[in-house]
Amino acid sequence: MPIRFKSALYAPPVNADMDTWRTRLHRIDASGLTAITVSDHFLTGCQDPLAALAAIACCTSRVRVMALVLANDYRHPVITHKAAATIDVISGGRLDLGLGAGYLAAEYAAAGLRYDPAGQRVERLAESLQVIRALFGGEAVHHNGIHYTIDGLAGTPAPIQRPHPPLVIGGGGKQMLTLAGRHADVVGVHANLKAGTAYHAGVIEDMLPERMAEKIGWARGGAESAGRDPDALDYLSITWTCRVVDSPRQADLALMQVCSRYGVDPRVGRRSTGLLVGTVAQCVEQLEERRDRLGLNYVDFGATDFDEVAPLVAALSSVNAS
């Protein structure tokens, strides 16, 4: 029996018209979408992820609220745990806690943060994970690590989801994906972002099926090394750009436009899991192929407007029901 699809979409940005914002959230909550996500950026994001997730939780009752993802270098793990535990209680146990090492070099520079080599940032995230998971345990935590020291702190409040909210960890390199396989409930699989930016041909080329198979293999290997069942995890594909159109002719034009933005050949863009462009039927076909070939059962539509992807969300719900 095919694995059921799950789907996620970036939250509508906060603005002065909060009545419209709430109305949009109510529509999303009534759809078949699995999760509303909020990213963690200074330059490209217009809302604080933790405040936004709490507000979204209060405006919805069904859809999950996902941090996709919190950059570890932007806040201490004690602060991350406290916020996550609080949002899990506010949401009635609907939080998915996404954690990442941070990658956007320009953002670090703008905020005056030191941009360490990728290996150091991932190492720091791995230790942060130890601290956060320990704080969800309910007992006093004593941790004396390379980057963090915790002296007898007990994590509160107690989360609704036990032992802790599901963890979402993603990446494009072996170190991050192995870490995700060892710890995550949802493994986000995307391009290697060591260049410190996302909008270039490399991110599309690095998400071709052959590369994605290798990446997923790293995550599955990490799960097996930790004594976990890799088939029990969700594998989420990050969609850098999603375009849903009305006709195949429009799809060809849209693909050319999208690929031009990244400087990549449309023949490459069509195969890459980093893009999702086409009619509803074409998009479903692409997603089914990615699921059946690679195990990518969870699709993140990115910053696309909900009105554009609503028919696709409905179609995936129908696929799940069949």
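This dialogue explains how to read several features of the structure shown above.

Trainee: What should I know about the model before I begin?

Mentor: This is a predicted model, in which local features need pLDDT of at least 70 and side-chain atom pairs count only at pLDDT 80 or more, while totals for chains, interfaces and linings use all residues. Residues are numbered from 1 along each chain as its sequence is written, and side-chain values use heavy atoms, with hydrogens and water left out.

Trainee: Let us start with strands. How many residues of strand β5 are buried?

Mentor: In general, the side chains of a regular strand alternate between the two faces of the sheet. Helices (H or I, at least four residues) and strands (E, at least two) are DSSP runs, numbered from the N terminus. A residue is buried under 20% relative accessible area, exposed over 50%, and partly exposed in between, using a 1.4 Å probe and protein chains only. Strand β5, residues 95-100, is mostly covered, with 6 of its 6 residues buried. On one side stand Leu95, Leu97 and Leu99, and on the other Asp96, Gly98 and Gly100; these are all buried, and both faces are covered.

Trainee: Which strands does β5 join through bridges?

Mentor: Two strands pair if DSSP finds at least two bridges between them. β3 and β5 run parallel and are joined by 2 bridges; here Val65 has Leu95 as its bridge partner. β4 and β5 also run parallel, with 2 bridges, and Leu70 is partnered by Leu99. Between β5 and β8 there are 3 bridges, again in parallel, and Leu97 stands opposite Leu167 in β8.

Trainee: What unit do β4, helix α3 and β5 make?

Mentor: A crossover is right-handed if, with the strands pointing away from the viewer, the path from the first strand over the helix to the second runs clockwise. β4, helix α3 (residues 77-90) and β5 make a right-handed β-α-β unit.

Trainee: Where are the cis peptide bonds from Leu68 and from Arg162?

Mentor: As a general idea, most peptide bonds are trans. The bond from Leu68 to Val69 is cis, with omega near -15°, and Val69 lies in the loop between β3 (64-67) and β4 (70-71). The bond from Arg162 to Pro163 is cis as well, with omega near 0°; Pro163 is placed in the loop between β7 (149-154) and β8 (167-171).

Trainee: How many disulfides does the structure hold?

Mentor: A disulfide is a covalent bond between the sulfur atoms of two cysteines. The criterion used is a pair of cysteine sulfur atoms within 2.5 Å, and the structure holds 0 disulfides. Cys259 is in no disulfide, and the nearest cysteine sulfur, that of Cys283, is 13 Å away.

Trainee: Why does Cys242 not form a bond with Cys283?

Mentor: The sulfur of Cys283 is the closest cysteine sulfur to that of Cys242, but the two are 5.7 Å apart, which is too far for a bond. Cys242 counts as buried because its relative accessibility is 4%, and Cys259 counts as buried because its value is 1%.

Trainee: Which residues have the most contacts inside the largest nonpolar core?

Mentor: In soluble globular proteins, nonpolar side chains tend to be buried together. A nonpolar core is a set of buried Ala, Val, Leu, Ile, Met, Phe, Trp, Tyr and Cys residues joined through side-chain atoms within 4.5 Å. The largest has 90 residues, and those with the most contacts inside it are Leu97, Val187, Trp240 and Phe301. Helix α2 (residues 49-59) provides the largest share of this core, 7 residues. Another core, of 5 residues, lies apart from it; Val131, Val141, Tyr148 and Ile150 are among its members.

Trainee: Is Thr304 buried or exposed, and which residues does it contact?

Mentor: Thr304 counts as buried because its relative accessibility is 10%, and its place is in the loop between β13 (298-300) and α12 (306-321). Contact means heavy atoms within 4.5 Å; leaving aside neighbours within four places in sequence, Thr304 is in contact with Leu9, Cys242 and Val309. A polar contact is a pair of N or O atoms within 3.5 Å; within protein, one must be able to donate a hydrogen and the other to accept it, and residues adjacent in sequence count only if both atoms are side-chain atoms. The side chain of Thr304 reaches the backbone oxygen of Cys242 at 3.4 Å, and a polar atom of that side chain lies 3.0 Å from the backbone oxygen of Phe301.
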